[in-house]
Amino acid sequence: MSTILAIDTSTEACSVALFFQNEITHDFMISARDHTKKILPMVDKILSQSGCTLSQLDAIAFAQGPGSFTGVRIGIGVAQGLALGIDKPMIGVSTLMTLAQGAYRKTEAKKVIPAIDARMGEVYLGQYEYQNQNWQTIIPECVVKPENVINKIQKSHNDYYSAGTGWQTYPEMLTGTKPSEVFLPEAQDLVVIAHQKWLRKEVVKVEDVEPTYLRNEVTWQKLPGR
């Protein structure tokens, strides 16, 4: 039975979850500018509440993006530091897929179109379907202008649920979807996907972690020596 810690600071939300002894413990808050101050105390709180130590972890999962550039970097940096300290692998999970899992948790939605406000008049967009207890990607993650969303979507979208802040910002970009009332990603959903990836042995070494930014002008500094 795996034990996985999940960290997400990829948006204005800050959240932590622990999959331990087949149960999920989680904490969530909105903290747009204080991720660096909040995240480690949240990790300590979750571990303490669950009676779990860092050394008991099998892996550390993190929000891979897309999302806030600074938020993605903070979350990955904290997760890398913890994973290095206990010499454990990491599991990257899409922020958009995490939103889809949140919609499934709240509404049992098996078809979800997540969209995150990417600023600069664009959204980060994905399209997913839940099949055989796993999310299948219908369109790859992309950054797109709201007026072009309808051209990106595959299949009929009328039986899909929406999720993410993109729909709050641009409610007119695609009609016919059903609201899931999920706007921000939560680590409790991220850790569910991470557990499935762990079972499929989809882990990465600490030094091989890469974020998903989708915008080419943003660069990522890998750990020294890479």
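Let me start with the pairing of strand S7, residues 123-131, and strand S8, residues 134-144, which in this predicted model run antiparallel and are joined by 8 bridges. Within that pairing, Val123 stands opposite Val144 in S8, and the hairpin that the two strands form has 2 residues between the strands. If you look at the hairpin on the screen, please pick out Asn132, because my one remark on backbone torsions concerns this residue: Asn132 takes a positive phi near 55°.

From there I would like to move to Glu12, which sits in the loop between strand S1, residues 4-8, and strand S2, residues 13-20. Is Glu12 buried or exposed? Neither word quite applies, because its relative accessibility is 30%, and a residue counts as partly exposed when it falls between the 20% limit for buried and the 50% limit for exposed. Setting aside neighbours within four places in sequence, Glu12 is in contact with Met29, Ile30, Ser31, Ala32, His35, Thr165 and Leu184. For one of these, Ser31, there is also a backbone distance to quote, since the C-alpha atoms of Glu12 and Ser31 are separated by 5.8 Å, although the two residues are 19 residues apart along the chain.

My last residue is His195, which lies in helix H6, residues 187-199. With a relative accessible area of 17%, His195 falls under the 20% limit and is therefore classed as buried. As for which residues it meets, once those up to four places away in sequence are left out, His195 touches Ser2, Ile4 and Phe19.

Conventions
Residues numbered from 1 in each chain as written. Predicted model: local features only at pLDDT ≥ 70, side-chain atom pairs only at ≥ 80, totals over all residues. Heavy atoms only, no water. Pairing = 2+ DSSP bridges. Helix = DSSP H or I, 4+ residues; strand = E, 2+ residues; numbered from the N terminus. Buried < 20%, exposed > 50% of the residue type's maximum accessible area, 1.4 Å probe, protein only. Contact = heavy atoms within 4.5 Å.
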